[in-house]
Amino acid sequence: MEYLKQILKSNKIEMANLKEVTDIFEMLGNQQEAKNIFKKINKYLENLETEYSIWEYNRDKEIQLLLFNGDKDEKEGYLNKQHIFSKVQKNKKPLAEYEEEGFHLMLPIISREEVVGYFCLHKNVELGDKWLDVYVIVQLLSFTLKYYEMIDLMKEMTVVDVITGLYNYRHFRLQIDLEVEKARRFKKFLTLATVKIKDFDEINKKLGFEGGEEVLKIFGATLKTVSRKTDMPSRLNDEMFAVLLYETNLEGAEKYIQRLEKYLKEVPVNINGYNFVLELEHKLVEYSNLMSSEEFLEEAKKI
């Protein structure tokens, strides 16, 4: 660690890496989704020449893997070692005690005197001046994780998704409980349609993150146009959307999807000169009295 301190004092940082750091702060300022930030962090560290992982303690103090850079076949093995983090949760010093478990060095991510996660190097390699990159990312992560925790808290206080203007997951989850109870009590049809924008990751790559958000806004507006006032289009997460179709059976729901797909074909998306028709994946689930509201939703999410 003494060597790390010497490097930090030297203030050496490549302009290319400085550009990546600047981009990360710009993305945070624009409230980009967290997964996009981690993609940029992964790019910043692409020349690190070692495997690493980033872990976060969620609000329930449970550990979750945010980013894994290494052999995909080994990822499951690391997920099975989550118990290690329950032992080190409050440790604010770098740890090198779990090398046999595949964690050569565990660097705590600290925000406001609290350990919010760990940046873990998996192998013993000579990093040299690249220790500075590691240090910068650990500091960025401390800010980023706390930032998105605050964003999540703010979102929970609202009912509208800030990007699409549709209802958010929290509001949808509350509403589905009420509608399931009404369907059960009054013996009314209720069908849940879930839809995903097909190949959305590829769209993001072609258009960039801002273009991807524009696609989400356009699709959100399309759902509002196609849906009845009594329906409730909502954004569940990323590119997955849901619509509660009141007093509608499976046959009626199929007609709704056909109407939606017809509209998308007739009104192609045009962003930055890139013209294309949005394609969808979907699933329709008609409510049964044998289902709880949670089972109803989870079944529909299996697209």
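## The enclosed cavity

Q32, E33, K35, N36, I163, F200, N204, F209, G212, E213 and L216 form the lining of the largest cavity. This is a predicted model, and a search through the whole of it turns up 1 cavity of 30 Å³ or more. The space inside the largest cavity comes to about 70 Å³.

Who builds that wall? Helix α8 puts in the largest share, with 6 residues, and α3 and α8 each supply at least two. Sorted by class, the lining of the largest cavity has 4 nonpolar, 4 polar and 3 charged residues.

## The open pocket

Now for the largest pocket, which has a volume of about 1,200 Å³. It is lined by 43 residues, and the closest to its centre are A34, Y148, I151, D152 and K155.

Several elements give two or more residues to this lining: α3 (34-44), β1 (52-57), β2 (63-69), β4 (114-121), α6 (131-156), α7 and β6. The top contributor is α6, with 9 residues. By class, the pocket lining splits into 16 nonpolar, 10 polar and 17 charged residues.

## A four-stranded sheet

Next comes an open sheet of 4 strands, running β6-β7-β5-β10 with antiparallel pairing. The edges belong to β6 (232-237) and β10 (280-286); each has a single partner strand, so one side of each is left without a neighbour in the sheet. On average, neighbouring strands here are turned by 20° against each other, ignoring direction.

Inside the sheet, β5 (residues 190-197) and β7 (residues 240-246) pair in the antiparallel sense over 7 bridges. Take K196 as an example: its bridge partner in β7 is M240.

## Helices on the sheet

Two helices are worth following here. Helix α7 (residues 169-186) packs on the sheet and touches β5, β6 and β7, with its direction at about 130° to that of β6. Helix α8 (residues 200-226) also packs on the sheet, touching β5, β6, β7 and β10, and its direction makes about 150° with that of β5. This is the same α8 that gives 6 residues to the lining of the largest cavity.

## E179, a charged residue inside

Is E179, a residue of helix α7, buried or exposed? E179 counts as buried because its relative accessible area is 7%, and the cut-off for buried is under 20%. Leaving aside residues up to four places away in sequence, E179 touches L190, L244 and Y246. L190 falls within β5 (residues 190-197), while L244 and Y246 fall within β7 (residues 240-246).

Conventions
Residues numbered from 1 in each chain as written. Predicted model: local features only at pLDDT ≥ 70, side-chain atom pairs only at ≥ 80, totals over all residues. Heavy atoms only, no water. Pairing = 2+ DSSP bridges. Axes fitted to C-alpha atoms, helices over the stretch in contact; angles between N-to-C directions. Contact = heavy atoms within 4.5 Å. 1 Å grid on protein atoms, 1.4 Å probe; cavity = no way out; pocket = protein on both sides within 12 Å on 5 of 7 lines; lining within 4 Å. Points joined across faces, edges and corners; volume = space filled by probe spheres on them. Nonpolar A, V, L, I, M, F, W, Y, C, P; charged D, E, K, R; others polar. Buried < 20%, exposed > 50% of the residue type's maximum accessible area, 1.4 Å probe, protein only.
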